[in-house]
Amino acid sequence: MQTEGLQSYFPLERLAVMGLVEVLGRLPELLARRKRLVDTLIQQRPDVFIGIDAPDFNLGLELKLRRAGIRTVHYVSPSVWAWRQKRVLKIREACDLMLTLFPFEARFYDDHQVPVRFVGHPLADTIPLCADRAAARLALGLPEQGTIVALMPGSRGGEVARLGELFLSAAERLRAMRPGIRFVMPCASPERRLQLEQMLATRDLPLTLLDGRSHEALAACNAVLIASGTATLEALLFKRPMVVAYSVAPMTYRILRRLVKSPYVALPNLLAQRLLVPELLQDAATPEALAQALSPLLDDGEVQTEGFDSIHRTLRCDASSQAADAVLRLVGAR
């Protein structure tokens, strides 16, 4: 955005804070920055304000700006359809227009009388409809022939700590069931690589660790064992059969099970509105169960991949142009 001419009022990384204690420690700064931003924008009177994601910061900002007569757009919907659904009331008051990445989000906002436009997902535009497996294997130095499974236990340290050993144990069982199988595992950062290298030290697996390059790993593999999250959308767009797993602290899981209203956790299932990919969560996510769920997909994953192709074509809308058009139409409506 700065390359395109954006002049930032402050370093945006100051907003990049996650967790509870971490947020509380930075709360005075965040609130002060938001107040100064409100005062500055009301004084400057832009034609439109676009809040990109960060709903806990942006929705309060949008509410104050809209009350001051400034048009507001929110791009990338928070997961109000899954939990804390009453937030939609605040969104309705704060936003002149919600831009969503997924069609089921747009239906939710339509049902709650929030002006909305589904624009598609930028990744669906950039990832080809048919990925070149042979080229990806060549680029990664992997064998052209044979079965390769991608293991993707997440990008955060806590995720890798909970799922890394589990995924490696499932890989060992898969190897026992299918001799000759190989594995590839992208590492999101040097810290994650070190973490995974320590887990691999006592194991004998034909596994290639990669520094990033997750898209190439997905293009190269035959199937994926993957943590629930945004990466499942990438696996879907690369048309790779997958098994989705996740695990959190037991108390967190009990709380979330009461709060979450959606029947599914995995994004491919939410998009398909049916159980398209296996979801193995908490105690159900054992090495044996993961291996047993993944093994058949190496021979017969067409049901999944046909569903993935249909979803990909639905999301492939030239999202950035659609979003720009929606904003310009809103400004022109004045």
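**Figure 1. A salt bridge joins the side chains of R173 and E288 in this predicted model.** The nitrogen-to-oxygen distance of the pair is 3.6 Å. R173 belongs to helix α7 (residues 157-177) and E288 to helix α13 (residues 287-294), so the contact ties together parts that are 115 residues apart in sequence. R173 is partly exposed, at 34% relative accessibility, and E288 is likewise partly exposed, at 38%.

**Figure 2. K35 and D39 form a salt bridge within helix α1.** Their side chains meet at 3.2 Å, N to O. The two residues are four positions apart in helix α1 (residues 21-44), about one turn of the helix. K35 counts as exposed because its relative accessibility, 54%, is over 50%. D39, with a relative accessible area of 42%, is partly exposed.

**Figure 3. R313 and D309 are paired in helix α14.** The salt bridge between their side chains spans 2.9 Å, N to O. About one helical turn separates the residues, which are four apart in helix α14 (residues 302-315). D309 is partly exposed, at 23% relative accessible area.

**Figure 4. The largest nonpolar core lies between the two domains.** This core has 49 residues, of which L99, F102, V224, L233, M242 and L271 touch the most other members. Helix α15 (residues 319-332) supplies the largest share, five residues. Domain 1 (2-124 + 318-333) and domain 2 (133-315) both contribute residues, so the core lies between them.

**Figure 5. M242 and its contacts.** Among the residues that M242 touches are V224, I226, L236, P268, V277, L297 and F308, leaving aside residues up to four places away in sequence.

Key
Residues are numbered from 1 along each chain as its sequence is written. This is a predicted model: local features need pLDDT of at least 70, side-chain atom pairs count only at pLDDT 80 or more; totals for chains, interfaces and linings use all residues. Side-chain values use heavy atoms; hydrogens and water are left out. A nonpolar core is a set of buried Ala, Val, Leu, Ile, Met, Phe, Trp, Tyr and Cys residues joined through side-chain atoms within 4.5 Å. Buried means under 20% relative accessible area, exposed over 50%, partly exposed in between (1.4 Å probe, protein chains only). Domain bounds come from an automatic or database domain assignment. Contact means heavy atoms within 4.5 Å. A salt bridge is a side-chain nitrogen of Lys or Arg within 4 Å of a carboxyl oxygen of Asp or Glu.
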